[in-house]
Amino acid sequence: MSLLIPEKISLSSASSSPGRCPFPTAEYPEVEILDAKTREKLCFLDKVEPHATIAEIKNLFTKTHPQWYPARQSLRLDPKGKSLKDEDVLQKLPVGTTATLYFRDLGAQISWVTVFLTEYAGPLFIYLLFYFRVPFIYGHKYDFTSSRHTVVHLACICHSFHYVKRLLETLFVHRFSHGTMPLRNIFKNCTYYWGFAAWMAYYINHPLYTPPTYGAQQVKLALAIFVICQLGNFSIHMALRDLRPAGSKTRKIPYPTKNPFTWLFLLVSCPNYTYEVGSWIGFAIMTQCLPVALFSLVGFTQMTIWAKGKHRSYLKEFRDYPPLRMPIIPFLL
Amino acid sequence: MAAAAAATAAAKGNGGGGGRAGAGDASGTRKKKGPGPLATAYLVIYNVVMTAGWLVIAVGLVRAYLAKGSYHSLYYSIEKPLKFFQTGALLEILHCAIGIVPSSVVLTSFQVMSRVFLIWAVTHSVKEVQSEDSVLLFVIAWTITEIIRYSFYTFSLLNHLPYLIKWARYTLFIVLYPMGVSGELLTIYAALPFVRQAGLYSISLPNKYNFSFDYYAFLILIMISYIPIFPQLYFHMIHQRRKILSHTEEHKKFE
């Protein structure tokens, strides 16, 4: 391969663009990056390894535009098309010797782990503020008093356990496909989790709280539902973790394992969501508190949307996907 | 804000009766798909009926004013058609949901529900405010806005939009918005003492659902929400006005 001096210079050809790519000229595939909206030439890379991945190209692009770190770059072949994956190899894409990629700024990004930890730590802490009847929530004569109802103490244990479990799973169990999400999500998500936690906790720990109509029977049944669903949810998280080796982003069809809780995979694509809804229904029955029921309903709605999306992508990706499975509720939804 | 939201949603090429608005609907790049012939026919009928309905309300107001000799307590003369046609606008949410109108379900829901809320949860529920002048203020604002909006959609669907209608929709809001918002806020404010007194729509502890709701506080929150929401909607409309009316001016130059 001879080293020709091409007509194109290695600096960005758009006079207005400040991008200066410091690569010597050579006969390698060239990559030009244009803004997806304005079509402005942002960067021109003219010595790119053919087997370079999109991730590597993103790193090169960051060098000329440091404010756009790789996590906030979306590169695609078509301005309105889908984002290319980091693992995609340049050579394998349908491009000529000059690849034209379109760039979209995804906005400031924040890591999934950070978001999860923040949104789960909040409810844990906030609920306890109400449980211990910290001043300025209820009347002053109730400051730091304790409820006389057993179910209120039980509810605190269950709620706290739930969020501790979530925090631990975030740190040690989950294997995330994406590293980051848009920054504004943390505000949205925290408002949702923290807001509902405060709203529920206010009533359950209120001095005028009314215990469940059917007494201990109701509480025992609800507790059983809650515990079973928590175990189920955890089992599914572990099963999903084992599907994917550490550091990889592979996707496989999940199947039931020896653990009976995972047998729900026979009927449902996202049994983790099924069990999660079940847990909250249990908690609602236990506390007989309307805000808890509303929280369960909203959560169910959101998880159904996610489950349907996941189910659809499973169906698209795997020809041999088990036909009996529904997204979230066996046989129904 | 119900007034503001309605006109804004309308400006985004959105809202109940709008099909493809044709020339001048400057909402950037959009697929020129539009509803099918059956849906178009239905939407034309819907928008004509709504235009007629709000005209009935307008005429009703004028006749009542002439008969009474004053502008006080005119609400009673148009109460029924107002309730009927404003509530009927709930269909617009359905239109978005089934896709015959290219607007956001969320935005349309917000707009229609806020109107329906004013009509039923405030004016109808708190009888004492029905004789307030503030009610007339928002009814007039809504009536003029809706007559223009629904005729705009009718003409757009028929691909024959007179410039006057487009101008009216994107100009009169400048006065009608603040007028409507003032009427709405004053009405809610007038309702407050009666809500407090009667404990309307409120539930307090203890009760077996461990839930409480204070409608009085809720209404105050609603009033406060006007502060961030109204300016946004208003300035969006101003922005749309500049885009759409100047766009047409340029088009006319080339004709």
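The following dialogue considers how salt bridges, a helix and a surface patch may be read in this predicted model.

Q: How many salt bridges are there over all chains?

A: Side chains of opposite charge can pair when their charged atoms come close. By the rule applied here, the count comes to 11 salt bridges over all chains.

Q: Which side chain meets A:D86 in a salt bridge, and which parts of chain A does the pair tie together?

A: The partner of A:D86 is A:K58, with an N to O distance of 2.9 Å. A:D86 lies in the loop between β3 (73–76) and β4 (98–105) of chain A, while A:K58 belongs to helix α1 (residues 54–64) of chain A, so the salt bridge connects parts that are 28 residues apart in sequence.

Q: Are A:D86 and A:K58 buried or exposed?

A: A:D86 counts as partly exposed because its relative accessibility is 30%. A:K58, with a relative accessible area of 6%, is buried, since buried means under 20%.

Q: What separates A:E169 and A:K165 in helix α3 of chain A?

A: An α-helix has 3.6 residues a turn, so residues three or four places apart point the same way. A:E169 and A:K165 are 4 residues apart in helix α3 (residues 150–172) of chain A, and therefore about one helical turn separates them. Their closest N and O atoms are 3.3 Å apart, and the two residues form a salt bridge. Both A:E169 and A:K165 are buried.

Q: Which residue forms a salt bridge with A:R166, and where does that residue lie?

A: A:E276 forms a salt bridge with A:R166, the closest N and O atoms being 2.6 Å apart. A:E276 lies in helix α6 (residues 271–287) of chain A and A:R166 in helix α3 of chain A, so this pair ties together parts that are 110 residues apart in sequence. A:E276 and A:R166 are both buried.

Q: Which residues of chain B are linked in a network of salt bridges?

A: The network links B:E92, B:R115, B:E146 and B:R149.

Q: What should the 32 residues of helix α2 of chain B span?

A: At 1.5 Å a residue, helix α2 (residues 37–68) of chain B should span 46 Å; the end C-alpha atoms are 46 Å apart, which agrees. B:G69 follows this helix and has a positive phi, near 85°.

Q: Which residues form the nonpolar patch on the surface?

A: The patch consists of A:V113, A:V164, A:L168, A:L171 and A:F172, which together have about 440 Å² of accessible area. Helix α3 of chain A contributes the largest share, 4 residues. A:L171 lies in that helix and is partly exposed, with a relative accessible area of 48%.

Methods:
Residues are numbered from 1 along each chain as its sequence is written. Chains are lettered from A and ligands numbered from 1 in the order in which they are written. This is a predicted model: local features need pLDDT of at least 70, side-chain atom pairs count only at pLDDT 80 or more; totals for chains, interfaces and linings use all residues. Side-chain values use heavy atoms; hydrogens and water are left out. Helices (H or I, at least four residues) and strands (E, at least two) are DSSP runs, numbered from the N terminus. The expected span of a helix is 1.5 Å times one less than its number of residues. A salt bridge is a side-chain nitrogen of Lys or Arg within 4 Å of a carboxyl oxygen of Asp or Glu. Buried means under 20% relative accessible area, exposed over 50%, partly exposed in between (1.4 Å probe, protein chains only). Patches are made of residues with over 30% relative accessible area and no salt bridge: like charges are joined within 9 Å, nonpolar side chains (Val, Leu, Ile, Met, Phe, Trp, Tyr) within 5 Å. Accessible areas come from the Shrake-Rupley method with a 1.4 Å probe; for residues, only the protein chains shown count as cover.
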